[in-house]
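Trainee: I am new to this structure. Can we go through the terms and what backs them?
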Amino acid sequence: MTSTGSIAYDELGAGLPIVMLPSGAHDRHDFDELRARLSSRYRTIAIDWPAHGESPAHSVPPSAPAFADVAEEIVAQLAPQGAVVIGNSIGGFSAARLAIRRPELVKALVVVDGGGFAGRPLYARVFCALMSKPRFLRAIYPAFSARYMRVRTDADRRARDTGVATTRRSDGVAAVAGLWASFATPAHDLRADAHHIKAPALLVWGRRDPVIPARIGRAAAKAIPGARLELLDTGHVPHTSDPDGFTAILVPFLEATLAE
């Protein structure tokens with residue numbers, strides 16, 4: 001339970017906690033394949049955002065900062081001694097903001113095609129304005145999700161179908177539209193504060209992501225002190241498209257980081 005409503009989550013494995021924050025419109029099952037590869041070494045905790053998956057809508061209007069507040073409360077409750085925090089898209093924004101605001105809660109940061117490191121040019125503001133309209137969002141989402149997912153695996157298809165299903169529900173489409181409205185606001189820009197991130201940071205990006213392209217990953221890596229950027233030949237959700245490749249990058253980073 002958070003101060004704004006309840007959150008669905010589950011835990012798998014034992015050991016150092018890894019909290020996993022999914023992309024908007026998606027749910028915690030995006031991490032299923034990755035978690036299966038980590039469960040013998042780590043305690044993984046994956047959440048559903050408000051009005052996503054099994055979580056109800058919350059009492060505050062949905063936005064990137066509101067979701068980041070939820071992530072902060074969840075990590076503080078479930079891993080009060082700190083955790084590795086992995087976030088994709090809005091999850092990446094939330095994870096990075098947590099590392100800025102509550103460094104004691106983030107033992108290591110993994111940003112996956114994350115938001116918060118781009119400017120707000122006119123074309124981006126116009127697109128965000130369109131995507132903030134529930135009727136437009138619902139109509140475009142099947143084609144949009146197919147484009148950003150670059151589907152090639154069963155996990156990709158599951159993630160794509162979840163995103164479409166979320167936007168078919170009234171609470172889900174309202175939540176996703178609220179996120180898009182907030183993406184064009186100053187509150188979604190972490191660049192001025194990214195130098196405050198002290199946690200060891202790994203950035204994993206899909207080379208073929210059309211929504212938050214690899215150039216944004218390169219900019220984020222420059223903004224976060226000591227961050228390492230790794231690229232995979234995927235779309236917006238590398239851990240569903242290439243879970244083996246993702247694991248091969250993640251596990252050595254965790255072993256080296258947590259041994260220090």
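Mentor: Start with the sheet. It is open, with 7 strands in the order 1-3-2-4-5-6-7 and mixed pairing. The model is predicted: local features need pLDDT of at least 70, side-chain atom pairs count only at pLDDT 80 or more, and totals for chains, interfaces and linings use all residues. Residues are numbered from 1 along each chain as its sequence is written, and side-chain values use heavy atoms, without hydrogens and water.

Trainee: What makes strand 1 and strand 7 stand at the edges?

Mentor: Strand 1 (9-12) and strand 7 (228-232) each have a single partner strand, so one side of each lacks a neighbour in the sheet. Strands pair if DSSP finds at least two bridges between them. Strands (E, at least two residues) and helices (H or I, at least four) are DSSP runs, numbered from the N terminus.

Trainee: How do you know that strand 4 and strand 5 pair?

Mentor: Strand 4 (residues 83-88) and strand 5 (residues 106-112) share 6 bridges, in the parallel sense. The definition asks for at least two bridges. Val85 stands opposite Leu109 in strand 5.

Trainee: Why is helix 4 called roughly perpendicular to helix 5?

Mentor: Helix 4 (residues 122-131) and helix 5 (residues 134-149) pack at about 110 degrees, with axes 8 Å apart. That makes the two helices roughly perpendicular, because the term covers 65 to 115 degrees. Axes are lines fitted to C-alpha atoms, for helices over the stretch in contact, and angles run from 0 to 180 degrees between N-to-C directions.

Trainee: Which residues of helix 4 and helix 5 meet?

Mentor: Phe127, Leu130 and Met131 in helix 4 meet Phe136, Leu137, Ile140 and Phe144 in helix 5. Contact means heavy atoms within 4.5 Å.

Trainee: What makes the residues of this contact nonpolar?

Mentor: Ala, Val, Leu, Ile, Met, Phe, Trp, Tyr, Cys and Pro count as nonpolar, Asp, Glu, Lys and Arg as charged, and the others, Gly among them, as polar. The contact divides into 7 nonpolar, no polar and no charged.

Trainee: What is the volume of the largest pocket, and what makes it a pocket?

Mentor: Its volume is about 810 Å³, the space filled by probe spheres set on grid points joined across faces, edges and corners. A pocket is an open set of points on a 1 Å grid over the protein atoms alone, where a 1.4 Å probe fits, with protein on both sides within 12 Å along at least five of seven lines.

Trainee: Which helix gives the most to the lining?

Mentor: Helix 4, with 5 residues. Lining residues have an atom within 4 Å of a point. By class, the lining has 23 nonpolar, 10 polar and 5 charged residues.

Notes. Angles under 35 degrees count as roughly parallel, over 145 as roughly antiparallel, 65 to 115 as roughly perpendicular and the rest as oblique.
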